[in-house]
Amino acid sequence: MLEVNQIYTHDFSFSQKDVEAFATVTGDTNPLHLDAEFAAKTIFRKPIIHGFLGGSVFSKVLGTQFPGEGSIYLKQSMDFVQPMVVGVTYQAVFTVLEILPKSSARIETKIIEVETQKVVTTGEAVVMNRQLIPKI
């Protein structure tokens with residue numbers, strides 16, 4: 001059962017193949033994500049990961065690991081604070097902020113670059129799970 005202040009972490013990284021697959025599925029073929037020569041001329045100097053690809057880790061974890069299978073994802077906010085790049089290890093950090101009515105919870109979602117400890121994405125999610133979140 002989830003409790004307020006409970007924390008869960010998940011380390012991950014993305015490859016350029018992951019970025020290309022995401023671009024194919026979504027249709028977001030912005031060269032900033034796919035073309036190193038184009039990206040070299042931008043403020044980022046190299047291709048960056050789609051913000052929503054990075055944020056997709058929230059869906060993965062909330063739906064399958066924390067609180068776990070059977071969770072219903074009700075809401076997610078995201079602020080893209082710093083760019084993410086391929087081949088870098090990141091850590092998604094989930095902190096339970098509040099247990100809500102109807103077996104749901106408000107959870108802080110954050111992505112941190114492991115090596116530098118820089119926060120790259122912040123947000124909040126609301127999930128429901130009648131088996132894993134206490135009813136109040």
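## A walk through the model, from the core outwards

Start by selecting Leu-2, Phe-12, Tyr-90, Phe-94, Ile-107 and Ile-111: of the 30 residues in the largest nonpolar core, these touch the most other members. A nonpolar core here is a set of buried Ala, Val, Leu, Ile, Met, Phe, Trp, Tyr and Cys residues joined through side-chain atoms within 4.5 Å. Buried means under 20% relative accessible area, exposed means over 50%, and partly exposed is in between, using a 1.4 Å probe and protein chains only. Now colour α1 (16-26), α4 (51-64), β3 (90-100), β4 (104-113) and β5 (119-128), since each of them supplies at least two residues of this core. In soluble globular proteins, nonpolar side chains tend to be buried together.

A word on what you have open: this is a predicted model, with local features needing pLDDT of at least 70 and side-chain atom pairs counted only at pLDDT 80 or more, while totals for chains, interfaces and linings use all residues. Residues are numbered from 1 along each chain as its sequence is written, and side-chain values use heavy atoms, leaving out hydrogens and water.

**Zoom out**

Switch to cartoon and you should find four helices and five strands, running β-α-α-α-α-β-β-β-β along the sequence. Helices (H or I, at least four residues) and strands (E, at least two) are DSSP runs, numbered from the N terminus. The C-alpha atoms fill a box of roughly 55 × 30 × 20 Å along the principal axes. Of the 136 residues, 40% count as buried. Contact means heavy atoms within 4.5 Å; among contacts with a separation of 6 or more, 64% are between residues 24 or more positions apart. Turn on the surface and you are looking at about 7,700 Å² exposed, 53% of it supplied by carbon and sulfur atoms. Those areas come from the Shrake-Rupley method with a 1.4 Å probe; for residues, only the protein chains shown count as cover.

**Select 66 and 67**

What kind of peptide bond joins Phe-66 and Pro-67? A cis one, with omega about 5°. Most residues other than glycine have a negative phi, and most peptide bonds are trans. Phe-66 lies in the loop between α4 and β2, and Pro-67 is in the loop between α4 and β2 (72-80) too. Phe-66 is buried, at 4% relative accessible area. Show what surrounds Phe-66: leaving aside neighbours within four places in sequence, it is in contact with Leu-2, Gln-6, Tyr-8, Val-61, Phe-94, Val-96 and Ile-107. For a distance to try in the viewer, Phe-66 and Ala-92 are 11 Å apart, C-alpha to C-alpha, and 26 residues apart in sequence.

**Then the loops at 102, 103 and 117**

Click on Lys-102, in the loop between β3 and β4. Its phi is positive, about 65°, although Lys-102 is not a glycine. Lys-102 is exposed, with a relative accessible area of 63%.

Ser-103 lies in the loop between β3 and β4 as well. Is Ser-103 buried or exposed? Buried, at 5% relative accessibility. Not counting residues up to four places away in sequence, Ser-103 touches Val-127, Met-128, Asn-129, Arg-130, Ile-133, Pro-134 and Lys-135.

Hop over to Gln-117, in the loop between β4 and β5. This is another residue other than glycine with a positive phi, near 65°. Gln-117 counts as exposed, at 52% relative accessibility.

**Finish in the pockets**

Rolling a probe the size of a water molecule over the atoms shows where empty space is left. On a 1 Å grid over the protein atoms alone, a pocket is an open set of points where a 1.4 Å probe fits, with protein on both sides within 12 Å along at least five of seven lines; lining residues have an atom within 4 Å of a point. Grid points are joined across faces, edges and corners, and a volume is the space filled by probe spheres set on the points.

The largest pocket comes to about 220 Å³. Select Ile-48, Ile-49, His-50, Gly-51 and Phe-80, which lie nearest its centre among 16 lining residues. α4 and β5 each supply at least two residues of this lining. Gly-51 sits in helix α4 and counts as partly exposed, at 25% relative accessibility.

The second largest pocket has a volume of about 150 Å³. Its lining is Phe-44, Lys-46, Ile-48, Gln-82, Pro-83, Val-85, Tyr-90, Glu-113, Lys-118 and Val-120.
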